[in-house]
Amino acid sequence: MSSHAIETIVNGQSISAQVEARHTLADFLRGTAGCTGVHVGCEHGVCGACTVIVDGVAVRSCLMLAVQADGATVATAESLAAPDGTLHRVQQAMKDEYGLQCGFCTPGVVMTLAAITQGRSPDAEEIKDALSGHLCRCTGYQGMLKVAKRLGGEVQA
Amino acid sequence: MKAAPFDYVVADSVEGAVEALADHAGDAALLAGGQTLVPLLALRMAMPGVLIDINRIDGLAGIARSGGATRIGATTRQNTILHDPLVARHVPALARATGFVGHHQTRNRGTIGGSLGLAEPAAEYPATALALGARIEARSPSATREIAIEDYFLGPYTTALDMDEMITAAIFPDWPEDTIHIVHEVARRPGDFALVGLVAAFAVEGGVFTRAGIGWFGMGPTPMKSARAEAALIGQPAATVDLAGIARLAIEDTDPMSDIHADAAYRRTVGARIFERIVGDAIGQRKAA
Ligand code: FES
Ligand code: FES
């Protein structure tokens, strides 16, 4: 079993660490980087709770090895709100439209929405398609679809 | 679950990757997008001793035109294929099939080479390659070769690739400009593997079928090709073709399984119905246009 030195930027901070080859990015983010906003539901790519942004795109962090993130820039839900607590527009929309209930799936959902609405404005259908990559056992998705409608067409620099 | 321990090496060239494959004969797995392999590791259904990461090989990803074909590098991500203008123009069935592959988040990592290398019988890409007559470009330490798609799928998750051989690209030959392209699948939820999936291409000239490619997924131990139905279509007038008869013939060349999701008879019935309806609609639209 090999072990590897990696260097990643997580939420703007550079982290150097030694990781075991079989360590997933999700476990690295939770255990080493302390980002417990990365929720781990299934650990094999089905639920979407562990979604984070790697080099600008939404990915499932349980399906990437930590060692593969060497040199990458990673953002988790912890990076979204401003230091003064002002919510990111995706978080605000989720709150206003009742897009969450227990909150387990929510960090993954907001990272997908943040990724696909960054610098462009996908239409509501495209947002809905991206949301199909998340399992939510609580909400029935109706609130999230309202979020999709609200974010669709909202251009963000 | 957590994966069993393994070693990990980064290949920085195709030569390096296939040499590592040869060195660890039978105990190594190539890591491309990892969207199927990493779950298999987590479930301990796969326990390779060594993972050879090919994501950092320069030039292995990319889409280019060459000699009347579109060449797609092995590590090209599915979401790149989904939005690529060359693919949209020259291989529209592949673009459409990509929309059914996994989810947005897995398409950001998943690759075409990974999917073709795994050869999941219910996946979209293998059937698309089969329907369109693609070629698999592969490299081993001693040789580079192209494998005709008809010779490539040997069984469930089993391909003609040798133990020390890796896919470097999939090559999709051009079909005539106004070919009718069809991709349709029936699945319980978006992103699930298909219960029944169809990829087809039909070239029509002067109102007569001149070329046909029909591939199925979820309809047998490998992606399946309806060679007899393809042959039967040639020379038939598109306006009056007996589609119900062609659909029956097409289904005869499939070999679906019964499992917890659907039984074989159901898959055959649905396959024939969608063939007749979707192909009929596509031909009707072409006539109307
Ligand atoms: S924990 Fe990663 S997809 Fe479920
Ligand atoms: S809010 Fe509970 S799982 Fe989505």
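# Exercises on a predicted two-chain model

The buried residues of helix H4 of chain A pack against helix H3 (106-116) and helix H5 (142-151) of chain A, together with helix H6 (104-107) of chain B. The model is a predicted one.

## Exercise 1: A helix with a buried side

Determine which residues of helix H4 (residues 124-131) of chain A are buried, and where they lie around the axis.

Solution.

Step 1. The buried residues of H4(A) are A:Ile127, A:Ala130 and A:Leu131.

Step 2. These residues are on the same side of H4(A), because they cover an arc of only 100° around the axis.

Step 3. A general rule helps here: an α-helix has 3.6 residues a turn, so residues three or four places apart point the same way.

## Exercise 2: The interface of the two chains

Describe the contact between chain A and chain B by its residues, its buried area and its salt bridges.

Solution.

Step 1. Chain A gives 27 residues to the contact and chain B gives 30 residues.

Step 2. About 2,400 Å² is buried between the two chains, and carbon and sulfur atoms give 54% of this area. In chain A, the residues that lose the most area to chain B are A:Arg22, A:Leu63 and A:Gln68, together 26% of what that side buries.

Step 3. Across the interface of chain A and chain B there are 3 salt bridges. A:Asp27 forms a salt bridge with B:Lys2, with the closest N and O atoms 2.6 Å apart.

Step 4. The interface of chain A and chain B also has 16 residue pairs in polar contact. On the side of chain A that touches chain B, strand E4 (57-60), H3 and H4 of chain A are the elements that give two or more residues. The largest share, 4 residues, comes from E4(A). By type, the residues of this side of chain A divide into 12 nonpolar, 9 polar and 6 charged.

## Exercise 3: Two threonines in loops

Decide whether B:Thr254 and B:Thr179 are buried or exposed, and find the backbone oxygen that lies by each side chain.

Solution.

Step 1. B:Thr254 is placed in the loop between helix H10 (243-252) and helix H11 (264-288) of chain B. Buried means under 20% relative accessible area; B:Thr254 counts as buried because its relative accessibility is 6%.

Step 2. A polar atom of the side chain of B:Thr254 lies 2.7 Å from the backbone oxygen of B:Ile251. Leaving aside neighbours within four places in sequence, B:Thr254 is in contact with B:Trp216, B:Met219, B:Met224 and B:Arg268.

Step 3. B:Thr179 is in the loop between strand E10 (166-173) and strand E11 (180-186) of chain B. Its relative accessibility is 5%, so B:Thr179 counts as buried.

Step 4. The backbone oxygen of B:Pro176 lies 2.7 Å from a polar atom of the side chain of B:Thr179.

## Exercise 4: Salt bridges within a chain

Explain which parts of chain B the salt bridge between B:Glu15 and B:Arg139 ties together.

Solution.

Step 1. The closest N and O atoms of B:Glu15 and B:Arg139 are 2.7 Å apart.

Step 2. B:Glu15 lies in helix H1 (residues 14-23) and B:Arg139 in strand E6 (residues 135-139) of chain B, so the pair ties together parts that are 124 residues apart in sequence.

Step 3. B:Glu15 is partly exposed, with a relative accessible area of 41%, and B:Arg139 is partly exposed, with 23%.

Technical notes. Residues numbered from 1 in each chain as written. Chains lettered and ligands numbered in written order. Predicted model: local features only at pLDDT ≥ 70, side-chain atom pairs only at ≥ 80, totals over all residues. Heavy atoms only, no water. Buried < 20%, exposed > 50% of the residue type's maximum accessible area, 1.4 Å probe, protein only. Arc of directions from axis to C-beta. Contact = heavy atoms within 4.5 Å. Buried area = accessible area lost by both parts, 1.4 Å probe. Salt bridge = Lys/Arg side-chain N within 4 Å of Asp/Glu carboxyl O. Polar contact = N/O pair within 3.5 Å; in protein donor to acceptor, adjacent residues only side chain to side chain. Nonpolar A, V, L, I, M, F, W, Y, C, P; charged D, E, K, R; others polar.
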